[in-house]
Amino acid sequence: MKTLAINPRSKRPCHLADMAGAHSAELPHADACDTLAAPGAVMGAGRALRPSERRQVARRNPSEDRLSLPEGVVDEPWGMLPRSWHFLVAAIPVAVIFNVLLTGGLPPLDAGVCFTCAFAVIGLLPCARRIETKPGGTGVRSMLLALTVFVPLLLFGMGAVAWAHSGRLEMYQAVAMLVSLSAIAGAHLRRQAGFIVGGQIALWLPALGLVSWPFGLTLLGLGAAAVVIATREQHKLDYKEEQVRQARERAQTRARDILADYEDTGQGWFWETDRRSQLTYISAPVAHLLGYTPETLVGQPLSALFNLDGAPDGERTLMFHLSARSAFQELAVKAAIAGEERWWSVSGRPIHDEFDNFVGFRGSGTDLTEKRRSQEDASRLANYDSLTGLANRFQMSQTLEKILAAPQEMNRCCAVMLLDLDRFKHVNDTRGHPVGDILLRQVAQRLERTVGKTGRVGRLGGDEFQVIVPNRIDRSRIGHLAKDIIHSLSQPYLIDGANVVIGASIGIALSPDDGSTSEELIRNVDLALYAAKDAGRGRHHFYAEDLHAAAQVRAEVERELRAAIAQGHLQLFYQPYVSTASERIAGFEALLRWNHPKHGWIAPDKFVGVAEDSGLIAQIGEWALRTARRDLAKWPDDVRCAVNVSPLQFANRELPTIVTNAIAQAGIHPSRLELEITESVFLNDDEGTDAMFAALKRIGVRLALDDFGTGYSSLGYLKKAPFDKIKIDQSFVRGATEPGSRNAAIIASITSLAHALGMDTTAEGVETLDELDLVRTHGCSHVQGFIYEHALDAPAATERLRTGLVAVARGPRSARAPRQTMLRKVVLDHHGQIYNGTIRNISSTGALVEGLWNVPVGTIFQIQVSDQHAVTATTRWCVGDRLGLEFAAPLTRGSSGRIEAVQDNAVAIRRPLKKAS
């Protein structure tokens, strides 16, 4: 639907709006319509109306907005009376005066009276029209019709006939006068068929006196019938025209309201320019948003609506289309709004006149701000970590791929650092996830400050971060950066008024030395991180080939472990624990061993970690439970058996059923079975954990907390978990008798706590008489260790019980210095002869080295244990390729209890291995 407005000067219509859609509005051009009454503003009224005022004005008088009439033209409602009467009034005296001049004499008195009355009655037409607009019946309208139309013409006809009868006027002159006035009356009464016919009858009725009465009456009847027919047809035509006019007005009002409502909702707006790209129309809402009125913006360049600083691609494209006079769709432009970033999507098309001349542009716009923000948020979520704001795993992967795909080989060099936070899980589990989130954000900030512009920092997930340093950088510089990161992240964090201390371990891989693809680098840096953790955490480690070999060994262990489970190569050994009060065996702890076909007996610490990572631990645990209850059924009723339960087993909802079936099949009392659980089962402390404890206690088995004090919030667990025993980890027992050790105080605290809670205590790893005396003095109820017995297989344990339950402590009075297990390549120098060896364990006074054969006792070596430390050692024994060395001076231990000399990076192996003679 198109709406028209009339230009006062050109007197021709111009299109205001094409309501085919919100993005194709046809608005008036300045050259086509100089006066514009546009949606959103009433021009020329002194101010811009509010949206509600615009709609009220539009509905009250539709002709004032889109359908404007020329100035001075009144749009009057349709009525029965003629609208134009000026020339009809003037025609009567002119006709009389003309005939007076023609005849040279005045009309007779009766004719003059008729002419005067006719003139006077026609002069009452304005008053009759005002009466017609007021409510009234058909009688009133008929009287007005007779008074203002038929009566004047009848009087004029009577005057003309009387004048002709007097003989002063020729008949042909009278007829000519009647014909002339008839023509004038018909012209003024156009489109009024009833008026025309009725008026003609009234005008010519007096002339019937000139003919016979029968013929005159016949003519009068025919004329009356013609009046009725013409009037009815005219009324039908007028009614149809009125319906069309009202429908047109309703359509105009609807289009106007729809367009105004669309603009007012802020969903879109419209604009138009002339051929010079200057605005001729702009929607009021967007003008007000820019801080102007529509009248102010009219005449301004279209580019004034946009912020052209920097000229983004969209705005350059817009200016190109305007200059090229080509259509464009949904171009993103930035609005010129001070202090606010708002984006619009603009569409437009060129407009041409009927002669195909370019006259400007018309178009529309929509607000793009929220959509762009949503897109930016989606992009940020896809490329950045929502918690820390760092690049996420995907973005870091893209960065690494971009570096490795550089056109020039020299630009493909980079260093990848993988960080894992030490003790973060402890903080997250004890202080809650909100504190953990705060801690991660602070870690991210410190990482960015430390790395700076050297590289890019990202968070891969959880407490794992990654740093990518582009270009080739010396290992020493990367090592210094890693140390700076570890030092920065190890400083205390202030969270909720409390200090939180964590650490960091870092693995490092370099490109292209350690891999030329992202897959190789990520795999190798993972291996380096595992090596850093295995070396004691809080340090960094570069990737080396032997790490890859260790990973392959781990995979081989998993494969062989699966075969061992299927072929029955696993076996349980039982180590007794003794009551300190009676020195009698109270029970056994089931210990898992693997009898490898090639390597012999393998300790659990060599394969349990692999079993947990691969998910085999659940199968192994169920087997151990069935085997232990079968052996327990052969022992005396006052002997118990303790079986370790892994966190994965504990999380299995079927565990109570498995335990119940095992007890029922063995026919033993439930209290003889003791399940040892580590604190790691509380990492996911929820209702499921409490429910599992309750289910196991309903069965009647005993529960023991294993490795107490080495995990997390032990006191909190004791408060809620129904344990029957606490096992003191051997790390507190070893070294407890040494001067200055605090382990004895810790043991005393644990035993006092357990006694207050009604729990037993078992001290693990007791190997000397001094340690036995200490734990007995501090009130431990049970002791487990080599001081009484080594672990026995099932037949040996059964045979041991046949000899009685009495246990006798046998062992040295004091212990040697604590040993630190490790796998470190070292260089041994004997009078300039260089040998390569491997340290398997080390203490402050000596070390176990393998790799040298047949070394005589007393041989002195200079050992390079790290890049910065060398020690002198004497051979005390040698068996096969292993030898025991005693240091000339004891090595110092750090605050963590580890030997400081081996905390630095290992030395490189410089020569092939040689055998000592």
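Q: Does Cys117 count as buried, partly exposed or exposed, that is, which class does its relative accessibility give?
A: The model is a predicted one. Buried would need a value under 20%, and exposed one over 50%. The relative accessibility of Cys117 is 34%, so this residue counts as partly exposed.

Q: How many disulfides does the model contain?
A: Two cysteine sulfur atoms must lie within 2.5 Å to be counted as a disulfide. By this rule the count is zero. For Cys117, the nearest cysteine sulfur belongs to Cys114, at 6.8 Å. Cys413 is in no disulfide either, with the sulfur of Cys414 nearest at 7.8 Å, and the disulfide count is zero.

Q: Is Cys413 buried or exposed?
A: The cut-off for the lowest class is under 20% relative accessible area. Cys413 has a relative accessibility of 5%, so Cys413 counts as buried.

Q: What is the strand order in the open sheet that contains E13 and has mixed pairing?
A: E13 pairs with E8 in the antiparallel sense, whereas E13 and E14 pair in the parallel sense. The sheet has five strands and is open, and its order is E9-E10-E8-E13-E14.

Q: Which strands stand at the edges of this sheet, each with a single partner strand?
A: The order of the sheet is E9-E10-E8-E13-E14. A strand with a single partner has one side left without a neighbour in the sheet, so the edges are E9 (456–461) and E14.

Q: By how much are neighbouring strands of this sheet turned against each other on average?
A: The sheet in question has the order E9-E10-E8-E13-E14. With direction ignored, the average turn between its neighbouring strands is 20°.

Q: Which helix packs on the sheet and touches E8, E9, E10 and E13?
A: The strands touched belong to the sheet ordered E9-E10-E8-E13-E14. The helix spans residues 393–404, and its direction makes about 130° with that of E9; it is H13.

Q: How many of the nine residues of E13 are buried?
A: On one side of the strand, Gly503, Ser505, Gly507, Ala509 and Ser511 are buried. On the other side, Ala504, Ile506, Ile508 and Leu510 are buried as well. For E13, residues 503–511, the number buried is nine.

Q: Which residue of E14 is the bridge partner of Gly507?
A: Gly507 belongs to E13 and has Leu418 opposite it. E13 also pairs with E14 (residues 540–542), over three bridges. In E14, the partner of Gly507 is His541.

Q: Which residue stands opposite Ile508 in E13?
A: E8, residues 414–422, and E13 are joined in the antiparallel sense by nine bridges. Leu418 stands opposite Gly507, and the residue opposite Ile508 is Met417.

Q: Which residue does a cis peptide bond join to Ser511?
A: Ser511 is one of the buried residues of E13. Its cis partner lies in the loop between E13 and helix H17 (518–534). The omega angle of this bond is about 5°, and the partner is Pro512.

Q: What is the phi of Arg423?
A: Arg423 is located in the loop between E8 and helix H14 (424–431). This residue is partly exposed, at a relative accessible area of 48%. Although Arg423 is a residue other than glycine, its phi is positive, near 65°.

Q: Where is Glu583 found?
A: Glu583 is not a glycine, yet it has a positive phi of about 50°. Its relative accessible area is 29%, so Glu583 is partly exposed. Its place is the loop between strands E15 (570–579) and E16 (585–596).

Q: Which residue stands opposite Gly363 in E7?
A: An open antiparallel sheet of five strands has the order E4-E3-E7-E6-E5, with E4 (279–282) and E5 (328–334) as its edge strands. The twist from one strand to the next averages 25°. Within this sheet, E3 (residues 269–273) and E7 (residues 358–367) are joined by four bridges. The residue opposite Gly363 is Trp271.

Q: Are H20 and H22 roughly parallel or roughly antiparallel?
A: The axes of H20 (residues 617–632) and H22 (residues 655–666) come within 9 Å and cross at roughly 25°. Angles under 35 degrees fall in one class and those over 145 in the opposite one, so H20 and H22 are roughly parallel.

Q: Which residues of H20 make the contact with H22?
A: H20 passes H22 in a right-handed crossing. On H22, the contact involves Ile658, Val659, Ala662, Gln665 and Ala666. On H20, the contact is made by Glu622, Leu625 and Arg629.

Terms used: Residues are numbered from 1 along each chain as its sequence is written. This is a predicted model: local features need pLDDT of at least 70, side-chain atom pairs count only at pLDDT 80 or more; totals for chains, interfaces and linings use all residues. Side-chain values use heavy atoms; hydrogens and water are left out. Buried means under 20% relative accessible area, exposed over 50%, partly exposed in between (1.4 Å probe, protein chains only). Helices (H or I, at least four residues) and strands (E, at least two) are DSSP runs, numbered from the N terminus. Two strands pair if DSSP finds at least two bridges between them. Axes are lines fitted to C-alpha atoms, for helices over the stretch in contact, and angles run from 0 to 180 degrees between N-to-C directions. Contact means heavy atoms within 4.5 Å. Angles under 35 degrees count as roughly parallel, over 145 as roughly antiparallel, 65 to 115 as roughly perpendicular and the rest as oblique. A crossing is left-handed if the near helix is turned anticlockwise from the far one by less than a right angle, and right-handed if clockwise.
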